[in-house]
Structure formats: C-alpha cells, structure tokens
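Q: Please take a close look at the ligand site of this model. Then carry on to the other local features worth checking by eye.

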Amino acid sequence: MEVKRVSIRQAKKRIKEDPELSKMLVRSGWRDIALDLDGDGKADVAFSSDSLGRKIDTIAFDLSGSGEYNLYLHDFDGNGIPDTVCLVDDDSEEQVVAFGGEVELGFIKLGVKVADLIIAENFLNNELGISLKDLSDYLKLNAAIMLQELQKRDDAEGIMKVYYYLNDAGTYYIATMDGNKPRVRPFGTLLLDNEKLYIQTGPSKDVAKQIDANPFVEICACMGDTWLRVSTELVKDDNHDVKVKMLNKMPSLKAMYSADDDSMQMYYMKDAKAVFSSFTSEPQTVEF
Ligand SMILES: Cc1cc2nc3c(=O)[nH]c(=O)nc-3n(C[C@H](O)[C@H](O)[C@H](O)COP(=O)(O)O)c2cc1C
C-alpha cells in the first residue's frame with residue numbers, strides 16, 4: 001500500500017476547500033484534526049502528526065461508535081506503511097496488535113463500522129492515498145500473522161524480549177559520556193542477528209566518537225506506562241553481512257548509508273543488563 005504523506009496543514013486546507021468535509025470537522029488542532037463521519041457529534045477518525053506538526057503519522061478510528069478511538073495506525077518510520085496497529089479493546093486496555101519497522105501487519109476486527117468509514121474514503125484516498133478497501137483488506141489479511149506476532153511477544157525471553165520491546169517502541173534514547181558529561185539522543189536502528197543485538201550510527205557522528213572513547217552506554221525506551229533501561233557495553237562490528245542485514249531491515253537507511261563504504265558503524269551489545277519496569281509490577285531483569 002503506497003501512502004502519500006501530507007501535513008496537518010495540507011489536510012486542513014483540503015478540508016476547508018470541501019464543504020462536505022468541513023461539516024465533518026469536529027477538531028482542528030495544530031497537530032491533529034478529527035472528523036465526525038456519521039454526524040452523531042462524535043469523532044470517528046482523527047489524523048495526527050509528529051510532535052513537530054509535520055507529516056501525519058497516526059490515523060485513529062472509532063470503529064465501535066463509542067466516541068473513543070479504538071484503532072490506531074502509526075507510521076513511525078515515515079515510509080507510509082503503518083508499522084504499528086493498536087487496538088484499544090472493550091475494557092479500554094490498549095493492546096498493541098501489530099508491530100515492526102517495515103513489516104506489514106494488520107488487525108482482525110476491522111469492518112465493524114466500515115460503513116461509516118466509507119464517507120471518509122475520498123479524503124483518505126485523495127489526501128493520504130489509502131483506499132478503505134486496501135486498508136481493510138490489508139488489515140484483515142494480516143490478522144493471522146499479527147496474532148502470531150502477539151504470541152511471540154508473550155513467549156519471548158532474554159535477548160528476544162529486549163529486541164521486541166525496543167523494536168516495538170520504535171524510538172529509544174541512548175546516553176553516552178562526553179568526557180564527564182552525559183549526552184543523550186534518539187535512536188531507532190535495531191537488528192537482531194546471530195544472537196546479537198545491534199544498533200547503527202555513522203562513524204563521523206559525535207555519538208560514535210563518544211562510544212569509541214567510552215563504550216559503556218545506557219538505552220531507555222518506553223511504551224505506555226512501561227519502560228526499559230538497558231545498560232551495556234557496545235562492541236564495534238564491521239561485518240559486511242550485518243550491515244547489509246541492517247539496511248534491508250530498515251530500507252530508509254539506504255538513503256544515507258551503504259554497506260560498501262565507511263558510512264556505517266554497527267555496534268552490538270555485550271554484557272547487557274536490561275530492566276523492564278512499569279508502574280504496576282515489579283521490575284524484571286534480563287541479562288544477555
Ligand atoms: C526517531 C529518531 C531515530 C534516530 N535513529 C538514529 C539511529 O539509529 N542512528 C543514528 O546514528 N542516528 C539516529 N538518529 C539521529 C540522531 O539522534 C542524531 O544524529 C544525533 O544528533 C546523534 O547524536 P550526536 O549529535 O551526539 O552525535 C535518530 C533521530 C531520530 C529523531
């Protein structure tokens with residue numbers, strides 16, 4: 001499914017130009033807009049952008065007519081394909097039901113209120129390049145894979161558990177030491193290969209220089225009310241195959257990096273201690 005990404009500003013302009021869509025607009029924030037498709041006064045679909053108010057990266061649907069969004073499609077890596085699909089189930093517990101950088105996955109129950117969504121088809125189609133049929137087929141077809149993925153996360157232990165968490169979180173924050181001062185920045189590259197968990201950067205970046213000077217780093221990621229902290233040493237790995245696998249897992253990196261020159265630096269985690277925490281349960285420690 002090819003999706004043309006637009007900004008909230010462009011979407012607002014489009015809505016303003018169309019009297020039918022204008023009537024449906026029930027919220028117009030600087031980062032999000034919501035439409036009431038069936039005229040019941042409640043928003044049925046919302047579009048929101050990243051925190052900088054740029055391209056739309058999340059589409060939320062109210063499939064049940066409850067007035068609450070219960071299906072979210074997130075496109076974290078900006079490739080136009082939703083890489084996380086979240087269902088908020090009947091008990092209002094958010095459940096992430098599909099994951100993965102470039103993995104196309106879906107959700108089983110779409111179709112509950114497709115009739116309402118049809119009204120939005122023009123908007124979705126023209127502005128975002130998604131047809132509702134594509135969206136619904138795409139989600140339904142992949143339901144089985146999605147459920148398997150969920151099961152894998154439930155069953156995961158050790159390094160796999162850490163991999164799934166960081167991968168599903170999409171962005172993690174990595175802290176290094178710059179002399180005696182801490183530095184932290186967002187990262188998203190992640191590869192599990194041969195029982196090793198890799199991250200990637202460019203050797204010319206300050207972060208790489210800091211890791212070279214002191215390879216002990218901490219990584220932190222969070223999802224909902226859970227968080228993960230990994231304390232680890234990073235070890236350089238210049239293996240060509242690993243670089244190729246990294247680029248294939250996250251093809252958007254290919255615009256900046258190549259496995260055939262010195263533009264990529266891969267590191268794997270050694271003697272890592274990962275602590276999973278939440279507000280509601282005891283911390284769980286994994287070492288790998
Ligand atoms: C969501 C997100 C993910 C990122 N992932 C990476 C990454 O995996 N590797 C990388 O080198 N830079 C990544 N960056 C860019 C770095 O955060 C940025 O280059 C940062 O300035 C590097 O740290 P430094 O300035 O201390 O060298 C990412 C940025 C964002 C916003």
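A: **The ligand and its surroundings**

Around the ligand stand Thr171, Arg185, Pro186, Phe187, Gly188, Thr189, Gln200, Thr201, Lys205, Asp206 and Val207. The model is a predicted one. By class, this shell holds three nonpolar, five polar and three charged residues.

Start with the polar pairs. Arginine 185 places a polar side-chain atom 2.7 Å from an oxygen atom of the ligand. Threonine 201 also uses its side chain: an N or O atom there is 2.6 Å from an oxygen atom of the ligand. Aspartate 206 contributes through its backbone, with an N or O atom 3.2 Å from a ligand oxygen. As for cover, the ligand taken alone exposes 630 Å², and the protein buries 63% of that.

Now the elements. Strand 9 (181-187), strand 11 (196-201) and helix 8 (206-213) each give two or more residues to the shell. Strand 9 gives the most, with three residues.

Next, the loop that leads into strand 11. Glutamate 195 lies between strand 10 (191-193) and strand 11. Its phi is near 65°, a positive value in a residue other than glycine. Most residues other than glycine have a negative phi. Glutamate 195 is exposed, at 67% relative accessible area.

**Helix 7**

One residue of the ligand shell is Thr171. Shortly before it in the numbering comes helix 7, residues 158-169. Helix 7 has 12 residues and reaches 17 Å from first C-alpha to last, close to the 16 Å expected at 1.5 Å a residue. The helix is mostly covered, with nine of its 12 residues buried. These are Ile159, Val162, Tyr163, Tyr164, Tyr165, Leu166, Asn167, Asp168 and Ala169. In an α-helix, residues three or four places apart point the same way, because there are 3.6 residues a turn. Here the buried list includes an unbroken run from Val162 to Ala169. Just after the helix, glycine 170 takes a positive phi of about 85°.

**The cysteines**

The whole structure has zero disulfides. Why do cysteine 220 and cysteine 222 form no bond with each other? Their sulfurs are 6.6 Å apart, too far for a bond. The cut-off for a disulfide is 2.5 Å between the sulfur atoms. For cysteine 220, the closest cysteine sulfur is that of cysteine 222. For cysteine 222, in turn, it is that of cysteine 220. Cysteine 220 counts as partly exposed, at 34% relative accessibility. Cysteine 222 is exposed, at 53%.

**Strand 14 and helix 9**

Strand 14 covers residues 265-278, and glutamine 265 is found in it. Glutamine 265 counts as buried because its relative accessibility is 6%, and buried means under 20%. Its side chain joins that of aspartate 238 in a polar contact of 3.3 Å.

Aspartate 271 is also placed in strand 14. This residue is exposed, with 60% relative accessible area. Its phi is near 50°, again a positive value in a residue other than glycine.

Histidine 240 belongs to helix 9 (residues 240-249). Its relative accessibility of 38% makes it partly exposed. Histidine 240 and alanine 259 are 19 residues apart in sequence, yet their C-alpha atoms are 6.2 Å apart in space.

Definitions and conventions
Residues are numbered from 1 along each chain as its sequence is written. This is a predicted model: local features need pLDDT of at least 70, side-chain atom pairs count only at pLDDT 80 or more; totals for chains, interfaces and linings use all residues. Side-chain values use heavy atoms; hydrogens and water are left out. A residue is near a molecule or strand if one of its heavy atoms lies within 4 Å of it. A polar contact is a pair of N or O atoms within 3.5 Å; within protein, one must be able to donate a hydrogen and the other to accept it, and residues adjacent in sequence count only if both atoms are side-chain atoms. Accessible areas come from the Shrake-Rupley method with a 1.4 Å probe; for residues, only the protein chains shown count as cover. Helices (H or I, at least four residues) and strands (E, at least two) are DSSP runs, numbered from the N terminus. Ala, Val, Leu, Ile, Met, Phe, Trp, Tyr, Cys and Pro count as nonpolar, Asp, Glu, Lys and Arg as charged, and the others, Gly among them, as polar. Buried means under 20% relative accessible area, exposed over 50%, partly exposed in between (1.4 Å probe, protein chains only). The expected span of a helix is 1.5 Å times one less than its number of residues.
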